[in-house]
Structure formats: C-alpha cells, structure tokens
Amino acid sequence: MSKEADFLTIKENGQHELVIKKSRFIATLARVQDEEEARDFIAATSKKYHDATHNTYAYTLGINDDRVKSSDNGEPAGTAGVPELKTLQLMGLKNVAVVVTRYFGGIKLEAGGLIRAYSSSVSEAAEAIGIVRLVKQQELIFTIPYNRYDKVDHFLKEKEVFVAGTEYGVNITISIYLDLDQIDPFISDLIELLNGEPNLIKGDQRYNEIPVKSGEKRF
C-alpha cells in the first residue's frame, strides 16, 4: 500500500456461495475490530449453519496481521482454514473474519481441490462484496474573515478538498479533512493564498473509505 496508515478491507459484511463437485461452499465475511468480535461472528455463523458438514474459519486483525487464527474444523489439516487466511493476506485485507461453510455433496475432493475450493470461496466472496481502501485523514479547522471566503472556497474546490463543516460567526470557521501526506503542502498553499498563516488547529483523525475497483492496483 502506498501509505503506512492505509489498509484494505471489505466494503461491508456479506456472503457468497460456490458449488464445486456438488458441495456447497458458503463464504460469510465480516469486518471485525478485535478478537472478541471475531469469535462472536464465528460462533454466530457456525450456529446458523449448525447442520453443515464443516464450518471452517480464519481471521486477521491489525494493519500488520498482528493477530491471526484459522481452523479446518474437521477438514484434512491445512486444507481449509490456512488457505482462507492466506487468501485474506494475499488480497491485503485487514480486520476481516471469514467462515466458509461446507455442505458435502457426495463427491470427495483431494487436498489440492479442497485448498483451491476454500481459497476461491474467500477471494470470490471478497470481490463480490467489494473492497475498500481506508485512508487515514486529519481534520483541520481554520478561521478566515468574510472577505477571504470566496478565494478560499475556490481554492478548496480546485484542490478537491472535502469540507466537513462551515460555521458563520464573527469570522468563518471551516473544517476540512486531508490525507496525512497532504497536510503540510496544503498549509503552505493556504498561507501563500492568504498572505499569512490562518488561525488553524488540528482536530480528530478518521479513516475515509475509498472503493477499490476490480483490477485496480492495490499495493
């Protein structure tokens, strides 16, 4: 990824189904923030499909895959949970848990077939649900006099800066959000525009979600 603070995840919780040699593979994915959330999701999904042959799972937490776990849930060792986890990692997805539910269709799959089936279940589900890039942004709040507003408004639109709010009092207070690497250049440009430094403070940080198109370079 282009910036250390950025990461990829799924757009929303969702599900996708594959049928391979008469077996149904239902991949259910969820965004999770910690291990408790991941465990609760896995338990709830496994309970929903309690009659399935297998409810295998994997999850990865943290920008650097700080906490990971996987389970084959009765499938041959290394043919389900680990491939699911590796698929999440190869796709660069963070803070995601997946349960792949299998209803056996009567035709056995060899180890290689199982690995491909569980890997494909995860990758196709993630692509079908949608992938987003979370970009860390900083709120900047600055105050300008009314006679500078038109110039600043034009400047913000030209820079395609997201304006979170505008308050009109004795002066005009504008709140914007910028990617972390945009802050210093923006402040320099604003100082130049106003012929002096505005009354500026830093507010909260947040993650802005940007959809990633299919086939788009992700790293």
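A pocket here is an open set of grid points with protein on both sides within 12 Å along at least five of seven lines. The legends below describe close-up views of a predicted model.

**View 1. The largest pocket of the predicted model and its lining.**
The volume of the largest pocket is about 210 Å³. Its lining is made of 14 residues, and those closest to the centre of the pocket are Lys159, Glu160, Val161, Leu178 and Gln182. Strand E9 (172-179), helix H5 (183-194) and strand E10 (199-212) are the elements that each give two or more residues to this lining. Sorted by class, the lining holds 6 nonpolar, 3 polar and 5 charged residues.

**View 2. Helices H4 and H5 where their axes cross.**
Helix H4 covers residues 149-159, and its axis comes within 11 Å of the axis of H5. The two axes cross at roughly 150°. Angles over 145 degrees count as roughly antiparallel, and H4 and H5 are therefore roughly antiparallel to each other. The crossing of H4 past H5 is right-handed.

**View 3. Residues in the contact of H4 with H5.**
On the H4 side, the residues are Lys151, Val152, Phe155, Leu156 and Lys159. They meet Phe186, Asp189, Leu190, Leu193 and Leu194 of H5. By class, this contact has 7 nonpolar and 3 charged residues, with no polar ones. Lys159 of H4 is also among the residues closest to the centre of the largest pocket.

**View 4. Helices H2 and H3 and the contact between them.**
Helix H2 (residues 81-90) packs against helix H3 (residues 111-129) with the axes 8 Å apart and at an angle of about 40°. H2 and H3 are therefore oblique to each other, and their crossing is right-handed. H2 contributes Pro83, Glu84, Thr87 and Leu88 to the contact, while H3 contributes Ile115, Tyr118, Ser119, Val122 and Ser123. These residues divide into 5 nonpolar, 3 polar and 1 charged.

Terms used
Residues are numbered from 1 along each chain as its sequence is written. This is a predicted model: local features need pLDDT of at least 70, side-chain atom pairs count only at pLDDT 80 or more; totals for chains, interfaces and linings use all residues. Side-chain values use heavy atoms; hydrogens and water are left out. On a 1 Å grid over the protein atoms alone, a cavity is a set of points where a 1.4 Å probe fits but cannot get out, and a pocket is an open set with protein on both sides within 12 Å along at least five of seven lines; lining residues have an atom within 4 Å of a point. Grid points are joined across faces, edges and corners, and a volume is the space filled by probe spheres set on the points. Helices (H or I, at least four residues) and strands (E, at least two) are DSSP runs, numbered from the N terminus. Ala, Val, Leu, Ile, Met, Phe, Trp, Tyr, Cys and Pro count as nonpolar, Asp, Glu, Lys and Arg as charged, and the others, Gly among them, as polar. Axes are lines fitted to C-alpha atoms, for helices over the stretch in contact, and angles run from 0 to 180 degrees between N-to-C directions. Angles under 35 degrees count as roughly parallel, over 145 as roughly antiparallel, 65 to 115 as roughly perpendicular and the rest as oblique. A crossing is left-handed if the near helix is turned anticlockwise from the far one by less than a right angle, and right-handed if clockwise. Contact means heavy atoms within 4.5 Å.
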